[in-house]
Amino acid sequence: MGAELDRRSFLLVAGLLGVGACGSDTGREGSADGTLRHWYHAYGEDGVQDAVRRYAAAYPHARVEVQWNPGDYDSKVLTALQNSAVPDVFEAQVKVDWVRQGQVVPLDDLLGDARDDFVRALLDSQTVDGRLYGVPQAIDTQVLYYRPSLLRDAGVSPPTTVDELLDAAKRLTGGGVRGLFAGNDGGVGVLTGPLLWSAGLDFLSPDGRAPGFDDPRAAVAFGKLRDLNRDGGLLLGAPTDWADPGAFADGLVAMQWTGLWNLPKIIEAHGDDVGVLPFPRLDAAGGDSVPVGAYSAMVNARSADVEAAKAYVEWLWVERTDHQQEFATAFGAHLPARRSLAERAERLASGPGEQVVGFVTRSGRIATPARWPARANTALSDAVSRIARQGADAAAELRAALDVARAEITRLDR
């Protein structure tokens, strides 16, 4: 798509973001043959599964077995950490509950001199109580894709506020095309964070010691999602969900909220007729935003050989920069987690990819803070779902979610 990614642009992004054998006496379950089990979620980009299996086969110090996990990967990992020595290594975003319950092990000693090469905020997002529990693999973000030709034909300007987004979704609906797709749950799963940020709020307070949405503006923001679901401009029941570009690439919608990783497939489908936007601000007191996150390699504390698992993570995600560069840039579109690899991200050097780098630079927000408790997240998500899909009273639902969030944050600090 163009020349090499301008290194200075990537450094701006980084600046914004802060940038074996089973021993018989371990008392743990494990593989009798010393095999390490490595879990990945099912990436949608072609070639990723073959690549990670190739990486595993190249590891010289142990046999590594890769398991590809379609479906509800996060729930599967949660269950495994509670009950099993498998997987030894897995990709996830660290949860404070896992740390408190001793389910994952610190990995600070793996980075060595490479620590400063990783984007700082990604390391911070995988850090709890000053210890690092995940080594970031690549930077992902989500944006609003739109078809400029369809907006021009409908007399619609690219939306810069939430109200403009709602209006555009209605006006772009017709002739078998819906205005917007943000997931088959009506946007609950992927727009909760952007809606909070649009109002100038967040999941947690700046010090991480309280909920960040104890404000009437949160009810206003989530009320907009209810309006979006009621107005008829949303596509629901698509053949694939928000993380896949199918609805947009196949012409079912004029706009879709989905990942940067889908950019190559979207460009292939629509050529130059592709625009990208951050999630718009609620009003002048809010701001536009894009979520920024990264799956990180983590080690199960129940592994039959924790040190062997750590050594493998160090080899793959610290030492083997060739694998890291390929993983981040050869499949779909991602930003590398390390500054030294940024210059090879050719797909982000021009056009929509370059614009997204700018969005991350100006408006990137960490999508899943490590100190945001799982039960608080479930309570907020359930509340937003009832607001958006059932028309429940936003203020009342958020009061109940705030009670759960406060109790969970207090529990973590005991």
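Contact here means heavy atoms within 4.5 Å. Keep that in mind for the close-ups below, which all come from a predicted model.

**View 1. Leu225 and the residues around it.** Leu225 sits in helix 9. Setting aside residues up to four places away in sequence, Leu225 touches Gly186, Gly187, Val188, Leu191, Leu195, Val384 and Ala388. Is Leu225 buried or exposed? With a relative accessibility of 2%, Leu225 counts as buried. For a sense of scale, take Leu78: Leu225 and Leu78 are 147 residues apart in sequence, and their C-alpha atoms are 29 Å apart in space.

**View 2. Helix 8, wrapped up by the rest.** Helix 8 covers residues 188–198, and 10 of its 11 residues are buried, so this helix is largely enclosed by the rest of the structure. Who are the buried residues of helix 8? They are Val188, Val190, Leu191, Thr192, Gly193, Pro194, Leu195, Leu196, Trp197 and Ser198. Val188, Leu191 and Leu195 may ring a bell, as they are among the residues that Leu225 touches. After helix 8 comes Gly200, which has a positive phi, near 80°.

**View 3. Phe203, tucked into a loop.** Move along to the loop between helix 8 and helix 9 and you'll find Phe203. Phe203 has 6% relative accessibility and so counts as buried. Leaving out neighbours within four places in sequence, its contacts include Thr192, Gly193, Leu196 and Trp197, which are buried residues of helix 8. Phe203 also reaches Ala210, Pro211, Gly212 and Phe213, as well as Ala367, Pro369, Trp372 and Leu380. Asp215 is 12 residues from Phe203 along the chain, and 11 Å separate their C-alpha atoms.

**View 4. Helix 9 meets helix 16.** Here helix 9 (residues 216–230) packs against helix 16 (residues 394–412) at an angle of about 120°, with the axes 9 Å apart. That angle makes helix 9 oblique to helix 16. The crossing of the two is right-handed. On the helix 9 side, the meeting residues are Ala218, Ala219, Phe222 and Arg226, while helix 16 brings Ala394, Ala395 and Leu398. Sorted by class, this contact has 6 nonpolar, no polar and 1 charged residues.

**View 5. Helix 16 again, now with helix 15.** Helix 15 (residues 374–390) and helix 16 have axes that come within 8 Å and cross at roughly 175°. The two helices are therefore roughly antiparallel. Helix 15 offers Arg375, Ala376, Ala379, Leu380, Ala383, Arg386 and Ile387. Opposite them in helix 16 are Ala394, Glu397, Leu398, Ala401, Val404, Ala405 and Glu408. By class, the contact of helix 15 with helix 16 divides into 10 nonpolar, no polar and 4 charged residues. Ala394 and Leu398 also take part in the meeting of helix 16 with helix 9.

**View 6. Phe90 and the nonpolar cores.** In soluble globular proteins, nonpolar side chains tend to be buried together. Which residues have the most contacts inside the largest nonpolar core? Phe90 and Tyr312 do, in a core of 85 residues. Helix 12 (residues 306–319) supplies the largest share of this core, 9 residues. Apart from this core lies another, of 50 residues, among them Leu195, Leu201, Phe213 and Trp372. Back at Phe90, and not counting residues up to four places away in sequence, the residues touched include His38, Trp39, Tyr73, Val77, Leu81 and Trp98. Val104 is touched too, along with Ser296, Ala297, Met298, Val299 and Asn300.

**View 7. Two loops with backbone details to spot.** The peptide bond from Val86 to Pro87 is cis, with omega near 5°. Pro87 lies in the loop between helix 3 (73–83) and strand 3 (89–92). The other loop, between strand 4 (127–128) and strand 5 (131–132), holds Asp129. Asp129 has a positive phi of about 55°, although it is not a glycine. Its relative accessible area is 56%, so Asp129 is exposed.

**View 8. Helix 2 alongside helix 13.** Helix 2 (residues 48–58) and helix 13 (residues 321–329) pack at about 170°, their axes 11 Å apart. That makes helix 2 roughly antiparallel to helix 13. Val48, Ala51, Val52, Arg54 and Tyr55 of helix 2 meet His323, Glu326 and Phe327 of helix 13. This contact has 5 nonpolar, 1 polar and 2 charged residues.

Notes:
Residues numbered from 1 in each chain as written. Predicted model: local features only at pLDDT ≥ 70, side-chain atom pairs only at ≥ 80, totals over all residues. Heavy atoms only, no water. Axes fitted to C-alpha atoms, helices over the stretch in contact; angles between N-to-C directions. Helix = DSSP H or I, 4+ residues; strand = E, 2+ residues; numbered from the N terminus. Parallel < 35°, antiparallel > 145°, perpendicular 65-115°, else oblique. Left-handed = near helix turned anticlockwise from the far one by under 90°. Nonpolar A, V, L, I, M, F, W, Y, C, P; charged D, E, K, R; others polar. Core = buried A, V, L, I, M, F, W, Y, C linked by side-chain atoms within 4.5 Å. Buried < 20%, exposed > 50% of the residue type's maximum accessible area, 1.4 Å probe, protein only.
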